[in-house]
Amino acid sequence: MKLSPNHNPTEPSDLLIRMHNQVGAAVDVTGGTVGEASRWNCHGCGDRSSFTDHLGTIRLRAGQHAEFCRAAYQRIR
Ligand SMILES: [Zn+2]
C-alpha cells in the first residue's frame with residue numbers, strides 16, 4: 001500500500017486536531033473551540049465540512065471520515 005505524501009502538511013495557525021486517514025493523509029480540525037466555530041478538511045481526498053459546527057460534532061465527523069477514507073492525494077481545488 002502506498003502511503004500519502006500529505007502525511008504532515010504545513011499546520012494551519014488555527015489547527016486544533018490532526019488525525020490521519022487509512023493511508024496516512026492528514027485530516028485536520030481547525031477553527032475555534034467555542035460555539036459553532038470548527039471545521040474539518042481531508043488532505044487525502046479534498047473532502048471537507050460544508051459548514052462550521054461545535055468542536056465535538058466536527059471532531060466526530062472528522063474521525064468518522066478518517067476511518068473510511070483511503071485517498072492519498074487529490075488535485076481538487
Ligand atoms: Zn478523505
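User: Which strand does Val27 lie in?
Analyst: This is a predicted model, where local features need pLDDT of at least 70 and side-chain atom pairs count only at pLDDT 80 or more, while totals for chains, interfaces and linings use all residues. Residues are numbered from 1 along each chain as its sequence is written, and side-chain values use heavy atoms, with hydrogens and water left out. Helices (H or I, at least four residues) and strands (E, at least two) are DSSP runs numbered from the N terminus. On that numbering, Val27 sits in β2.

User: Is Val27 buried or exposed?
Analyst: Buried means under 20% relative accessible area, exposed means over 50%, and partly exposed is in between (1.4 Å probe, protein chains only). Val27 comes in at 0% relative accessibility, so the label is buried.

User: Which α1 residues does Val27 touch, given that α1 covers 55-68?
Analyst: A contact here is heavy atoms within 4.5 Å. Leaving out residues up to four places away in sequence, Val27 meets Ile17, Arg18, Met19 and Asn21, and also Trp40, Asn41 and Cys42. With α1 spanning 55-68, the partners of Val27 from that helix are Ala62, His65 and Ala66.

User: How far is Val27 from Gly46 in space?
Analyst: Along the chain, Val27 and Gly46 are 19 residues apart. Going from C-alpha to C-alpha, the separation is 9.5 Å.

User: In what order do the elements run?
Analyst: The chain has one helix and three strands to place. Starting from the N terminus, the order is β-β-β-α.

User: Which element gives the largest share of the largest nonpolar core?
Analyst: A nonpolar core is a set of buried Ala, Val, Leu, Ile, Met, Phe, Trp, Tyr and Cys residues joined through side-chain atoms within 4.5 Å. The largest one has 10 residues: Met19, Val27, Val29, Trp40, Cys42, Leu55, Ile58, Ala62, Ala66 and Cys69. Two or more of these come from each of β2 (26-31), β3 (38-42) and α1 (55-68). The largest share, four residues, belongs to α1.

User: What is the relative accessibility of Cys42, another member of that core?
Analyst: Cys42 is found in β3. Beyond its neighbours within four places in sequence, Cys42 is in contact with Asn21, Ala26, Val27, Asp47, His65 and Cys69. Cys42 counts as buried, because its relative accessibility is 3%.

User: Which strand holds both Asp28 and Thr30?
Analyst: Asp28 is buried at 1% relative accessible area, and Thr30 is buried too, at 6%. Setting aside residues up to four places away, Asp28 has contacts including Pro12, Leu15 and Arg39, and Thr30 touches Pro12, Leu15 and Arg39, among others. The strand that holds Asp28 and Thr30 is β2.

User: Where does Ala25 lie?
Analyst: Ala25 is buried at 0% relative accessibility. Not counting residues up to four places away, its contacts include Ser4, Asn6, His43, Gly44, Ala71 and Ala72. As for its place, Ala25 is in the loop between β1 (15-20) and β2.

User: What radius of gyration does the chain have?
Analyst: The radius is taken over C-alpha atoms, and the globule rule is 2.2 Å times the number of residues to the power 0.38. For 77 residues, a compact globule would be near 11 Å, and the chain agrees with that at 12 Å.

User: How much of the exposed area comes from carbon and sulfur atoms?
Analyst: Accessible areas come from the Shrake-Rupley method with a 1.4 Å probe, and for residues only the protein chains shown count as cover. The chain exposes about 4900 Å², and the share from carbon and sulfur is 51%.

User: How far apart do the centres of the positive and negative side chains lie?
Analyst: Lys and Arg count as positive, Asp and Glu as negative, with His and the chain ends not counted. Each charge is placed at NZ of Lys, CZ of Arg, CG of Asp or CD of Glu. The chain has 9 positive and 7 negative side chains, and the two centres are separated by 9 Å.
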